[in-house]
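Reader: Could you take me through one part of this model up close? I'd like to start from a single charged pair and work outward from there.

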Amino acid sequence: MWDERYGAAAWAYGTEPNVYFKDKLSTLIPGKILLPAEGEGRNAAFAASRGWVVEAFDISIEGKNKAERLAAEMGRRITYVVADAAEVLYRADSFDVLAFSYAHFPSDQRTLIYQRLAAALKPGGHVIVEVFGKRQIEYQAAHASGGPKDVDFLFSLDDLRALFAGYEIFELLEGEVQLAEGQYHQGQAWVCRLFARKPR
């Protein structure tokens, strides 16, 4: 499904970075960043354009192709691999930032995936998360604004709090936003956001 979506000529989620990701990343000193489930690379290309050393992955080869093209159009390079989130491995304590942008998995896999990836974050490193909240099911029906159609893939603030227990949490929010991200994230939506720092 993802190869079909990302293989289309149009950019499924646009070429501009996620607003929350952009805002939070802009407060940090550039270093090395990991972007899981990065799709067509809009966040990766933005981070690279701001001086970050970018590593990313996604399950889709078509997503990788578009991401590398977008970065190249900005005169930047990124490291992007095709990998399954349940299997990919990164060296512990090797990234300054870990950013999840709409990285949704079944609840019985989510904890393992998120915590394994969080192990790659350096002590004192930052995590940025924007995901659809459980109320997005209602917003899909009313506004067709995207996201998983199975509520099991969606998040609550308690889910994020549990995933990043022990982190210094600067923001943990949920609420309504107006999305304008390509074809598939358009209109009113319900999201959860987290900005936090891993304990030293």
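Author: Arginine 161 and aspartate 158 make a salt bridge, with their closest N and O atoms 2.5 Å apart. Bear in mind that this is a predicted model. Both residues sit in helix α7, which covers residues 157-163, and because they are three residues apart there, about one helical turn separates them. As for how open they are, aspartate 158 is exposed at 53% relative accessible area, while arginine 161 comes out as partly exposed at 39%.

Arginine 161 also takes us to the sheet, since it's one of the residues in contact with leucine 172. Leucine 172 belongs to strand β6, residues 168-181, and it counts as buried because its relative accessibility is 19%, with the cut-off for buried being under 20%. Setting aside neighbours within four places in sequence, its contacts are Leu157, Leu160, Arg161, Arg193 and Leu194. Then there's alanine 196, which is 24 residues away from leucine 172 along the chain, with 8.4 Å between the two C-alpha atoms.

Now for the sheet itself. It's an open one of seven strands, ordered β3-β2-β1-β4-β5-β7-β6, and the pairing is mixed. β6 is at one edge and β3 (79-82) at the other; each has a single partner strand, so one side of each has no neighbour in the sheet. From one strand to the next, the twist averages 15°. Move in from β6 and you get to β7, residues 185-197, which pairs with β5, residues 121-132, in the antiparallel sense over seven bridges. In that stretch, isoleucine 128 stands opposite phenylalanine 195 of β7. Lying across β5, β6 and β7 is helix α6 (residues 136-143), which runs at about 155° to β7.

Back to charges. The whole structure has 13 salt bridges. One of them joins lysine 24 to glutamate 171, at 3.0 Å from N to O. Lysine 24 is in helix α2 (residues 19-25) and glutamate 171 is in strand β6, so this pair ties together parts 147 residues apart in sequence. Lysine 24 is buried, with 15% relative accessible area, whereas glutamate 171 is partly exposed at 24%.

Another bridge brings lysine 32 and glutamate 55 together at 3.3 Å, N to O. Here the link runs between strands, with lysine 32 in β1 (residues 32-35) and glutamate 55 in β2, 23 residues apart. Glutamate 55 is the buried one at 19%, and lysine 32 is partly exposed at 24%.

Stay on β2 for a moment, because there's a charge here with no salt bridge: aspartate 58 is buried, and the nearest side chain of opposite charge, arginine 42, is 10 Å away, whereas a salt bridge needs the atoms within 4 Å. Aspartate 58 is part of that strand, which spans residues 53-58. What does its side chain reach instead? One polar atom of it lies 2.8 Å from the backbone nitrogen of glycine 39, and the side chain also reaches the backbone nitrogen of serine 60 at 3.0 Å. Beyond its neighbours within four places in sequence, aspartate 58 is in contact with Tyr6, Ala37, Glu38, Gly39, Tyr80, Val81, Val82 and Ala83.

Notes: Residues numbered from 1 in each chain as written. Predicted model: local features only at pLDDT ≥ 70, side-chain atom pairs only at ≥ 80, totals over all residues. Heavy atoms only, no water. Helix = DSSP H or I, 4+ residues; strand = E, 2+ residues; numbered from the N terminus. Buried < 20%, exposed > 50% of the residue type's maximum accessible area, 1.4 Å probe, protein only. Contact = heavy atoms within 4.5 Å. Lys, Arg positive; Asp, Glu negative; His and termini not counted. Polar contact = N/O pair within 3.5 Å; in protein donor to acceptor, adjacent residues only side chain to side chain. Pairing = 2+ DSSP bridges. Axes fitted to C-alpha atoms, helices over the stretch in contact; angles between N-to-C directions.
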